[in-house]
Amino acid sequence: MSIRIEIDGVSVPTEENRVLVDVAADAGVYIPTLCYVRGKPCLGTCRVCSVRVNGTVVAACTVHVSDGMTVEVDEPETVDHRKALVELLFAEGNHNCPSCEKSGRCTLQAVGYEVDMVVSRYPYRFPQRERDHASERIWLERDRCIFCQRCVEFVRDETTGQKIFSISGRGAESRIEVDAERADAMPDEQIRYAVDICPVGAILEKGIGYDVPIGRRKYEVESVRDRAVGAGGGEVTPT
Ligand code: SF4
């Protein structure tokens, strides 16, 4: 059913029940995302897409639009709320962008630029989680994981549908795990997909690193904002 919602004071025509992040992007309004992938089920784990809907702060990827809905994206308190969430993610992991293999194609780094983050307002935790090298094809830089669960839900054994990645532990003890046997059986394209779908540099392919020259890396060619809005909401190809 055709409806209208209001985004930052502008009336936007759309269809009922579409995901708010997609509707906003189609209207040229960028809402940062880290766990959301257009066309995939909502994970709702990172909350970086928080906006005000009818006055209440909610994650836009979890909202299905309805007629008359009022959305505030560019509202100062909510803008700062999103920035704080990004800063928190930087503080909770070891994100040393200049030395990271994912630099220039890392969505967290790109979103950091979009929210004008310079330094985190929160104390850095400098976690020490053991790297996982058990797979012959990939390795895990666990200190960079933001626990978005993209790999857990969207990278599956193509034959059985079983999960290849999982999260163990709770709270500060949480860490990303990989089933090395299943990972080693992944086709090359799926390995590249797993690396790409990770919005940080936590999943890396062995034998490949720094392969794209500075200046030609993904977000240097097109900003995360332009990719999201150009794709019509969320990224069609992950990260
Ligand atoms: S390894 Fe990457 S994709 Fe998987 S949960 Fe961590 S940040 Fe997300």
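Biologist: Which residues does Pro 32 touch, not counting residues up to four places away in sequence?
Modeller: This is a predicted model, where local features need pLDDT of at least 70, side-chain atom pairs count only at pLDDT 80 or more, and totals for chains, interfaces and linings use all residues. Residues are numbered from 1 along each chain as its sequence is written. Contact means C-beta atoms, placed from the backbone, within 7 Å. On that test, Pro 32 touches Val 48, Cys 49, Arg 82, Val 111, Glu 114 and Val 115.

Biologist: Is Pro 32 buried or exposed?
Modeller: Pro 32 sits in the loop between α1 and β3 (50-53); helices (H or I, at least four residues) and strands (E, at least two) are DSSP runs numbered from the N terminus. A residue is buried with 20 or more other C-beta atoms, placed from the backbone, within 10 Å of its own, exposed with 12 or fewer, and partly exposed in between. Pro 32 has 25 such neighbours, so the loop residue counts as buried.

Biologist: Which residues of helix α6 are buried?
Modeller: Helix α6 spans residues 188-197. The cover over its buried residues includes β6 (138-140), α4 (150-154) and β9 (203-205). Those buried residues are Ile 191, Ala 194, Val 195 and Ile 197.

Biologist: Which helix gives the most to the largest nonpolar core?
Modeller: A nonpolar core joins buried Ala, Val, Leu, Ile, Met, Phe, Trp, Tyr and Cys residues through C-beta atoms within 7 Å. This one has 59 residues, with Leu 20, Ala 24 and Ala 194 among those touching the most other members. With five residues (within 20-26), the top contributor is α1.

Biologist: How many residues of domain 2 are in contact with domain 1?
Modeller: The assignment, automatic or from a database, gives domain 1 (2-86) and domain 2 (101-221). Their centres, over C-alpha atoms, are 25 Å apart. Domain 1 brings 13 residues to the contact, and domain 2 brings 17.

Biologist: What classes make up the side of domain 1 that touches domain 2?
Modeller: Ala, Val, Leu, Ile, Met, Phe, Trp, Tyr, Cys and Pro count as nonpolar, Asp, Glu, Lys and Arg as charged, and the others, Gly among them, as polar. That side has nine nonpolar, one polar and three charged residues.

Biologist: Which residues come nearest to the ligand?
Modeller: A residue is near if its C-beta atom, placed from the backbone, lies within 6 Å. The shell has 14 nonpolar, one polar and one charged residues. Its largest share, three residues, comes from α4. Of the 16 residues around the ligand, the nearest are Cys 145, Cys 148, Cys 151, Cys 198 and Ala 202.

Methods:
Contact = placed C-beta atoms within 7 Å.
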